[in-house]
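Dear colleague,

I am passing the structure on to you with this message, and below it I have set down what was found. Please read the notes with the coordinates open beside them.

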Amino acid sequence: MAEHTSSSITIEASPAEVMAVIADFARYPDWTGEVKQAEVLKADAEGRAEQVRLVMDAGAIKDDQVLGYTWTGDNEVSWTLVKSQMLRALDGSYVLTPSGTSTLVTYRLMVDVKIPMLGMIKRKAEKVIIDRALAGLKKRVESQA
């Protein structure tokens with residue numbers, strides 16, 4: 001990834017429990033806030049999403065996008081933009097690191113919009129997206145445990 005923003009959070013659950021929530025795209029509207037619709041367009045032989053259509057409403061940015069997903073083992077997933085109305089690029093990943101009975105989740109994100117925007121403003125937007133996603137993920141996983 002080029003210039004990106006990264007943040008981490010500890011979730012009181014196993015990596016498998018955390019990844020189960022991350023991989024359940026149909027439920028994203030229930031806990032992410034910004035995702036209004038999610039539809040898996042293509043899955044691999046193991047049933048994991050390879051392409052997902054997301055309808056987003058993140059305040060200033062409303063978008064209908066398709067992301068391509070790559071699963072690395074059981075503890076990492078990354079994605080890249082396939083198509084979008086508003087974005088030129090969107091690359092991200094979740095990396096899960098077991099830590100006793102909990103999991104350290106690191107989220108990396110790089111967003112590039114089609115309209116001109118200062119890098120500093122893009123990084124701030126990425127930070128807001130990451131922090132909200134991590135908080136929502138933590139709440140969702142721990143409420144199911």
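A search of the whole structure, which is a predicted model, finds eight aromatic pairs. One of them is formed by Tyr94 and Tyr107, whose rings are tilted, with 4.6 Å from centre to centre and 40° between the planes. Because Tyr94 belongs to strand E6 and Tyr107 to strand E7, this pair ties together parts that are 13 residues apart in sequence. As for accessibility, where buried means under 20% relative accessible area, Tyr94 counts as buried at 5%, and Tyr107 is likewise buried, with a value of 7%. Ring pairs also link these two tyrosines with Phe25, Tyr28, Trp31, Tyr69, Trp71 and Trp79 into a cluster.

Tyr94 appears again in the nonpolar core. The largest such core has 33 residues, and those with the most contacts inside it are Val18, Ile22, Tyr69, Trp79, Tyr94 and Leu137. At least two residues of this core come from each of the helices H1 (15-23), H2 (28-31) and H3 (119-144), and the same holds for each of the strands E3 (49-58), E4 (61-72), E5 (76-83), E6 (87-99) and E7 (102-113). If you would like one residue from which to look around, Ile22 touches Tyr28, Val77, Tyr94, Leu96 and Leu137, with residues up to four places away in sequence left out of the count.

The strand pairings may be followed along the chain. Strand E2, residues 35-43, pairs with E3 in the antiparallel sense over seven bridges, and within this pairing Lys42 has Gln51 of E3 as its bridge partner. E2 and E3 form a hairpin with five residues between them, and Gly47, which lies in the turn, has a positive phi of about 85°.

Further along, E5 and E6 run antiparallel and are joined by four bridges, with Trp79 standing opposite Gly92 in E6; the hairpin that joins E5 to E6 passes through three residues. E6 pairs in turn with E7, again in the antiparallel sense, over twelve bridges, and here Thr97 stands opposite Leu104 in E7. The hairpin formed by E6 and E7 has two residues between the strands, and Gly100 in its turn has a positive phi of about 65°.

With best regards

Conventions: Residues are numbered from 1 along each chain as its sequence is written. This is a predicted model: local features need pLDDT of at least 70, side-chain atom pairs count only at pLDDT 80 or more; totals for chains, interfaces and linings use all residues. Side-chain values use heavy atoms; hydrogens and water are left out. A nonpolar core is a set of buried Ala, Val, Leu, Ile, Met, Phe, Trp, Tyr and Cys residues joined through side-chain atoms within 4.5 Å. Buried means under 20% relative accessible area, exposed over 50%, partly exposed in between (1.4 Å probe, protein chains only). Contact means heavy atoms within 4.5 Å. Rings of Phe, Tyr and Trp (its six-membered ring) pair if their centres lie within 6.5 Å; planes under 30 degrees apart count as stacked, over 60 as edge-to-face and the rest as tilted. Two strands pair if DSSP finds at least two bridges between them.
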